[in-house]
Amino acid sequence: MGGWTTFLQFLFDRAYTVPEVAEKLAISPRQVQAHIDDGSLPAVNVGRGSDRHDLRILDDDLEAFVRRRKLVPPHAPGQRMRGTPRPTAGPAPDGDSYAAQRAARRLRKGA
């Protein structure tokens with residue numbers, strides 16, 4: 001007992017197959033394979049040579065992949081994002097119709 005096998009046990013806690021990663025990320029196995037092929041998701045070939053691939057994705061590599069692809073909002077909390085409508089002061093004086101709101105805007109602009 002010991003030796004190389006013991007060393008490998010401490011390198012990672014879990015190794016996932018391509019279908020398992022696809023299920024975890026809610027994407028297709030083909031998309032997982034594409035991430036492996038373009039190098040954004042590291043994988044280990046535990047198959048027999050280059051002809052018989054049997055890929056495994058280590059848990060640390062999967063976590064790092066997800067962390068790199070995580071999106072962060074581009075604005076600070078409380079700030080309005082570009083393109084979102086500004087809050088209005090209240091309903092237009094003549095009602096909520098588009099024409100009434102447009103007339104109220106024109107009056108405010110002085111046109």
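A residue counts as buried when its relative accessible area is under 20%, as exposed when over 50%, and as partly exposed in between. Keep those cut-offs at hand, because they decide how each stop on this tour is labelled. One more thing before you start clicking: the model in your viewer is predicted.

**The whole chain**

Start with a cartoon view of everything. You should find five helices and three strands, and if you trace the chain along its sequence the pattern reads α-β-α-α-β-β-α-α. Now switch on the surface. The chain exposes about 9,500 Å², and carbon and sulfur atoms supply 54% of that area. Of the 111 residues in the chain, 15% are buried. If you like contact maps, look at the contacts with a separation of 6 or more: 41% of them join residues 24 or more positions apart.

**First selection: L62**

Select L62, which you will find in helix α4. Is L62 buried or exposed? Its relative accessibility is 7%, so L62 counts as buried. Next, show what surrounds this leucine. Leaving out residues up to four places away in sequence, L62 touches Y16, V21, K24, L25, L41 and I57. Pick L41 from that group and draw a distance: the C-alpha atoms of L62 and L41 are 7.1 Å apart in space, while the two residues are 21 apart in sequence.

**Along helix α4: R67 and E63**

Stay in helix α4, which spans residues 59-69, and select R67 and E63. These two lie four residues apart, about one turn of the helix, and their side chains meet in a salt bridge, with 3.7 Å from N to O. Colour by accessibility and the pair splits: R67 is exposed because its relative accessible area is 56%, whereas E63, at 45%, counts as partly exposed.

**Over to H35**

Now select H35 in helix α3, residues 29-37. With a relative accessible area of 17%, H35 is buried. Which residues does H35 contact beyond its neighbours within four places in sequence? They are I27, S40, L41, F65 and R69. You have already met L41, as one of the residues that L62 touches.

**A backbone stop: A26**

Move to A26, in the loop between α2 (18-25) and α3. Here it is worth opening a Ramachandran plot. Most residues other than glycine have a negative phi. The phi of A26, in contrast, is positive, near 60°. As for the surface, A26 counts as exposed, since its relative accessibility is 68%.

**Strand β3: R56 and D54**

Select R56 in strand β3, residues 55-58. Setting aside neighbours within four places in sequence, R56 is in contact with A15, Y16, T17, A43, V44 and V46. Try a C-alpha to C-alpha distance from R56 to A15: these residues are 41 apart along the chain, yet the two atoms are separated by 5.6 Å.

Add D54 to the selection and look at the side chains. D54 and R56 form a salt bridge whose closest N and O atoms are 2.9 Å apart. Both partners are partly exposed, with R56 at 23% relative accessibility and D54 at 34%.

**The remaining salt bridge: E20 and R14**

How many salt bridges does a search of the whole structure find? There are three, and you have seen the ones in R67–E63 and D54–R56. To complete the set, select E20 and R14, where the closest N and O atoms lie 3.1 Å apart. E20 is partly exposed, with a relative accessible area of 31%, and R14 is also partly exposed, at 36%.

**Last stop: a charged patch**

Finish on the surface by selecting R102, R105, R106, R108 and K109 together. These residues gather in a patch of positive charge. Zoom in on R106, which lies in helix α5, residues 98-109. At 46% relative accessibility, R106 counts as partly exposed. That value also clears the cut-off for patch members, because a patch is built from residues with over 30% relative accessible area and no salt bridge.

Note on methods. Residues are numbered from 1 along each chain as its sequence is written. This is a predicted model: local features need pLDDT of at least 70, side-chain atom pairs count only at pLDDT 80 or more; totals for chains, interfaces and linings use all residues. Side-chain values use heavy atoms; hydrogens and water are left out. Patches are made of residues with over 30% relative accessible area and no salt bridge: like charges are joined within 9 Å, nonpolar side chains (Val, Leu, Ile, Met, Phe, Trp, Tyr) within 5 Å. Accessible areas come from the Shrake-Rupley method with a 1.4 Å probe; for residues, only the protein chains shown count as cover. A salt bridge is a side-chain nitrogen of Lys or Arg within 4 Å of a carboxyl oxygen of Asp or Glu. Lys and Arg count as positive and Asp and Glu as negative; His and the chain ends are not counted. The place of a charge is taken as NZ of Lys, CZ of Arg, CG of Asp or CD of Glu. Buried means under 20% relative accessible area, exposed over 50%, partly exposed in between (1.4 Å probe, protein chains only). Contact means heavy atoms within 4.5 Å.
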